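Subject: Structure for your review

Dear colleague,

Please find the structure below, together with its sequence. My findings follow it.

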Amino acid sequence: MIRFIPVEEVLAIRNEVLREGRLTLDECRFPTDKIEGAFHLGYYDNDQLACAASFHPQNYGEYKGNAYQLRGMATLEQYRGKGIGNQLVNFAIVYLRGQKANYVWCNARVKAIRFYQNIGFEVISDEFEVPNVGPHRVLYLKIQ
Ligand SMILES: CC(C)(COP(=O)(O)OP(=O)(O)OC[C@H]1O[C@@H](n2cnc3c(N)ncnc32)[C@H](O)[C@@H]1OP(=O)(O)O)[C@@H](O)C(=O)NCCC(=O)NCCS
């Protein structure tokens, strides 16, 4: 079941999936986690948070409109490849359409690009390196 959750519930999955458990939970916070309009989604399998992602209002470069950035996309290893991440992002897209968002974008790890393309995102940047994380590209999805 997908629901809106407080950021405190996403910190542990961010750490485990995206930072190899290297950080403290506080170090897994993003500066944008609590800004106006930010929200966090979780897919719960009973009491287990299986997948999470965070969104906040943010334009990309010169792209105009009402935009959101997706960050912290993470599915626990044992839950991957079941369509849960896809469902979570699609849930967000329906919500964002209601918020009159024009587009959503993210800095995607190169390994995850196909996941985003399956949802309909397009690559809009060259490859760039995020220190300590690896190669990334910017992915963009027009909402309306
Ligand atoms: C990227 C990530 C979030 C995807 O989450 P997920 O829940 O596994 O996503 P999905 O199951 O919706 O899609 C993953 C794959 O499963 C396939 N899939 C989807 N539904 C499926 C189903 N019902 N049965 C089998 N496979 C399925 C998809 O085709 C997709 O394949 P592809 O990405 O190789 O093209 C997850 O792999 C992850 O957390 N990775 C490590 C962290 C990371 O890279 N995060 C992204 C940072 S930008």
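I begin with the strand pairing. β4 and β5 lie parallel to each other and are paired over 3 bridges. Within this pairing, Tyr68 has Val104 of β5 as its bridge partner. Please note that the model is a predicted one.

β4 also pairs with β3, in this case in the antiparallel sense and over 6 bridges. One of the residue pairs here is His56 with Gln69, the latter being the partner in β4. Of the 9 residues of β4, 7 are buried, so this strand is largely enclosed by the rest of the structure.

On the side of β5, there is a further pairing with β8 (residues 134–142), antiparallel and made through 7 bridges. Tyr103 has Lys142 as its bridge partner in β8. β8 has two further pairings to report. Strand β6 (residues 122–123) runs antiparallel to β8 and is joined to it by 2 bridges, with Val123 standing opposite Leu139. Strand β7 (residues 128–130) is likewise antiparallel to β8, with 3 bridges between them, and Glu129 faces Pro135 of β8. β7 and β8 form a hairpin with 3 residues between them. In the turn of this hairpin, Asn132 has a positive phi of about 70°.

Overall fold

The chain contains 3 helices and 8 strands. Read from the N terminus, the order of its elements is β-α-β-β-β-α-β-α-β-β-β. Its radius of gyration is 14 Å, close to the 15 Å given by the globule rule for 144 residues, so the chain is as compact as a globular protein of that length. The C-alpha trace spans about 40 × 35 × 30 Å along its principal axes. Buried residues account for 26% of the 144 residues. Among contacts between residues at least 6 apart in sequence, 60% join residues at least 24 apart.

The nonpolar core

In soluble globular proteins, nonpolar side chains tend to be buried together. The largest nonpolar core of this model holds 30 residues, and the members that touch the most others are Ala52, Ala53, Leu70, Leu88, Ala92, Val104 and Leu139. At least two core residues come from each of α1, β2 (39–45), β3 (48–57), β4, α2, β5 and β8. β3 gives the largest share, with 5 residues.

Val104, already mentioned as the bridge partner of Tyr68, offers a detailed view of this core. Leaving out residues up to four places away in sequence, Val104 touches Ala67, Tyr68, Leu70, Ile93, Leu96, Leu141 and Ile143.

Two individual residues

Is Val10 buried or exposed? Val10 has 25 C-beta neighbours inside 10 Å, and it therefore counts as buried, the threshold being 20 or more. Val10 is located in the loop between β1 (2–4) and α1. Not counting neighbours within four places in sequence, Val10 is in contact with Ile5, His40, Gly42, Ala52, Ser54 and Gly72. For one of these, Ser54, the separation from Val10 is 44 residues in sequence, while the C-alpha to C-alpha distance is 8.5 Å.

Tyr44, by contrast, counts as partly exposed because it has 15 C-beta neighbours inside 10 Å. Tyr44 belongs to strand β2. With residues up to four places away in sequence set aside, Tyr44 touches Met1, Arg3, Leu49 and Ala50. Tyr44 and Met1 are 43 residues apart along the chain, and their C-alpha atoms are separated by 5.3 Å.

The ligand surroundings

Which residues come nearest to the ligand? Of the 20 residues around the ligand, these are Thr75, Arg80, Gly83, Gly85 and Asn86. The shell around the ligand draws at least two residues from each of α1 (11–18), β4 (67–75), α2 (84–98), β5 (103–109) and α3 (113–119). By residue class, the shell consists of 9 nonpolar, 6 polar and 5 charged residues. β4, α2, β5 and α1 thus appear among the elements supplying the ligand shell and also among those supplying the largest nonpolar core.

Yours sincerely

Technical notes:
Residues are numbered from 1 along each chain as its sequence is written. This is a predicted model: local features need pLDDT of at least 70, side-chain atom pairs count only at pLDDT 80 or more; totals for chains, interfaces and linings use all residues. A residue is near a molecule or strand if its C-beta atom, placed from the backbone, lies within 6 Å of it. Helices (H or I, at least four residues) and strands (E, at least two) are DSSP runs, numbered from the N terminus. Ala, Val, Leu, Ile, Met, Phe, Trp, Tyr, Cys and Pro count as nonpolar, Asp, Glu, Lys and Arg as charged, and the others, Gly among them, as polar. Two strands pair if DSSP finds at least two bridges between them. A nonpolar core is a set of buried Ala, Val, Leu, Ile, Met, Phe, Trp, Tyr and Cys residues joined through C-beta atoms within 7 Å. A residue is buried if 20 or more other C-beta atoms lie within 10 Å of its own, exposed if 12 or fewer, and partly exposed in between; C-beta atoms are placed from the backbone. Two residues are in contact if their C-beta atoms, placed from the backbone, lie within 7 Å. The radius of gyration is taken over C-alpha atoms; the globule rule is 2.2 Å times the number of residues to the power 0.38.
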